[in-house]
Amino acid sequence: SKATVSVLNCVRGASAPLPRAPVGACACPQRCRHKPTLHSIMAARDEGGAGGVAGDREPGNAGGGDSVGKKEKEIYSYELPWVGNCLSWSVREDKPYRLAVSSFIEEYQNKVNILQLDQEKNKLVLRAQFDHPYPATKIMWLPDRVTNATDLLASSGDYLRLWEVNPRNKDGEIEEGKVVTSCCLNNNKKTDFCAPLTSLDWNSCNASRIATASIDTTCSVWDIESQKSITQLIAHEKEVFDIAFGAGCHVFASVGADGSARLFDTRALDHSTIVYESENLAPLLRVSWNKQDPNYIATISASGPHIIVLDTRRPAKPFRVLPHNDTVNTVGWAPHSSCHLCSAGEESLALIWDIYKDKENDTCDPILAYKAKSPINWLQWSQLQTDWIGITFDRNVEILKV
């Protein structure tokens, strides 16, 4: 995708010594009557202008069980001082409605902002900001809801880095709003050169494990407690663009420039399973694993504007092909549903799909749609507040009530 290529071209500098289509509608009229939907958000926003809000309501359950402020909005926006790229929701139960957003600035020094919904002010506010070398290719919070755990954020770019948010000082007091480097991990310690990392994934089953993908055709699995690489393997014939763990502790998937989607098991790394090869071996750019039904994987191909849903029990042939009208940049599964996923890209639309809808007719239309003001670079469905999706586009972050 255009966003992926832009970020990678910028981060490739690390290999040198370091210094708008129509808005869709809900397929279920009853759902529209009983619950706010993304297309209703868009309609209200159009009526209210660029800063409009779709129907303030009294506080309600927002997926995580907490009410949000005195009046809950269906859309919250935050304007960034730079183009927003990656986005990640925090899963800590004591930090609701918190997300990290990274910049895309075509120079060495980039930024990461930590935002949170202030329930008293009823708006997104900046909690912290820190410098990041080169644009991050992915950021991800520690996938642990425990509130007494160290508050960690991981990022990939030139290296794999861990950042400690709100660290404790020498007196044991929490320093709110401060972010410090916890560690910087690199497989190649014999040279000043490094192969940029294209992505990472943090294992939700074993939080001491992080997997990374690299342009040097390898994937690595790290033990962050020992700060050492457990394994590094040649995963593809060309660059590896994305990586994702399955529902368990051992299996992960990767996609890359060779046009293949492959499955690996850390207990038997002497072989892998190719579950899909794209038409004409066009590069596969993103991969997302369904955690509610681990039989399904979604990927994005450079060969066309569509999402490819794979059933790992029946490899080679896609289970569904979900069409877009322009290049797709990002895809993610609902954390609480086995059949819903969301995708977005250059047509400025965020679309929600039901992969079982109209399966017998071999056609599929999105069940919900939201139109942003410009192409969407990233999205993620909140695991803690499952009624909310976050997106980045241009210099904006928005969180949307589904």
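**Notebook: strands, a pocket and a core**

I began with strand 25 (residues 368–371), where L368 and Y370 point one way, A369 and K371 point the other way, and all are buried. I note here that the model is predicted. Next I looked up the partner of strand 25 and found strand 24 (residues 349–354), paired with it in the antiparallel sense over four bridges. Within that pair, A350 stands opposite Y370.

**Entry: the sheet 2-3-4-5**

I looked for open sheets. One has four strands in the order 2-3-4-5, with antiparallel pairing. Its edge strands are strand 2 and strand 5, and each of them pairs on one side only. I looked up the angle as well: on average, neighbouring strands of this sheet are turned by 20° against each other, direction ignored. I then checked the middle of the order, where strand 3 and strand 4 pair over five bridges in the antiparallel sense. There, S102 has V112 in strand 4 as its bridge partner.

**Entry: the sheet 10-11-12-13**

Another open sheet has four strands, with the order 10-11-12-13 and antiparallel pairing. Which strands stand at the edges of this sheet? They are strand 10 (197–202) and strand 13 (228–234); each has a single partner strand, so one side of each is left without a neighbour in the sheet. The twist from one strand to the next averages 20°. I followed strand 10 to its partner, strand 11 (residues 209–214), and noted five bridges in the antiparallel sense. S199 has A213 in strand 11 as its bridge partner.

**Entry: strands 7, 8 and 9**

I moved to strand 8 and asked how many of its six residues are buried. The answer is five, and the strand is mostly covered. On one pairing, strand 7 (residues 152–156) is joined to strand 8 by five bridges, and the two run antiparallel. A hairpin of three residues joins strand 7 to strand 8. I noted S156, whose bridge partner in strand 8 is L160. Strand 8 is also joined to strand 9 (residues 179–185), by six bridges, again antiparallel. In that pairing, V165 has V179 of strand 9 as its bridge partner.

**Entry: the largest nonpolar core**

I looked up the largest nonpolar core and found 29 residues in it; L99, V101, L153 and V397 have the most contacts inside it. Several strands each supply at least two residues of this core, among them strand 1 (75–79), strand 3 (98–103), strand 8 (160–165) and strand 28 (396–401). Strand 4 gives the largest share, four residues.

From L99 I went on to G390, which is found in strand 27 (residues 388–393). L99 and G390 are 291 residues apart in sequence, yet 8.5 Å apart in space, C-alpha to C-alpha. Is G390 buried or exposed? G390 is buried, because its relative accessible area is 0%.

**Entry: the largest pocket**

I ended with the largest pocket, which has a volume of about 850 Å³. It is lined by 37 residues, and the closest to its centre are M140, D201, S288, K291 and Q380. Elements that give two or more residues to the lining include strand 2 (84–89), strand 6 (138–141), strand 10, strand 18 (284–289) and strand 26 (376–381). I also looked up the classes in this lining: 21 residues are nonpolar, ten are polar and six are charged.

Notes:
Residues numbered from 1 in each chain as written. Predicted model: local features only at pLDDT ≥ 70, side-chain atom pairs only at ≥ 80, totals over all residues. Heavy atoms only, no water. Pairing = 2+ DSSP bridges. Axes fitted to C-alpha atoms, helices over the stretch in contact; angles between N-to-C directions. Buried < 20%, exposed > 50% of the residue type's maximum accessible area, 1.4 Å probe, protein only. 1 Å grid on protein atoms, 1.4 Å probe; cavity = no way out; pocket = protein on both sides within 12 Å on 5 of 7 lines; lining within 4 Å. Points joined across faces, edges and corners; volume = space filled by probe spheres on them. Nonpolar A, V, L, I, M, F, W, Y, C, P; charged D, E, K, R; others polar. Core = buried A, V, L, I, M, F, W, Y, C linked by side-chain atoms within 4.5 Å.
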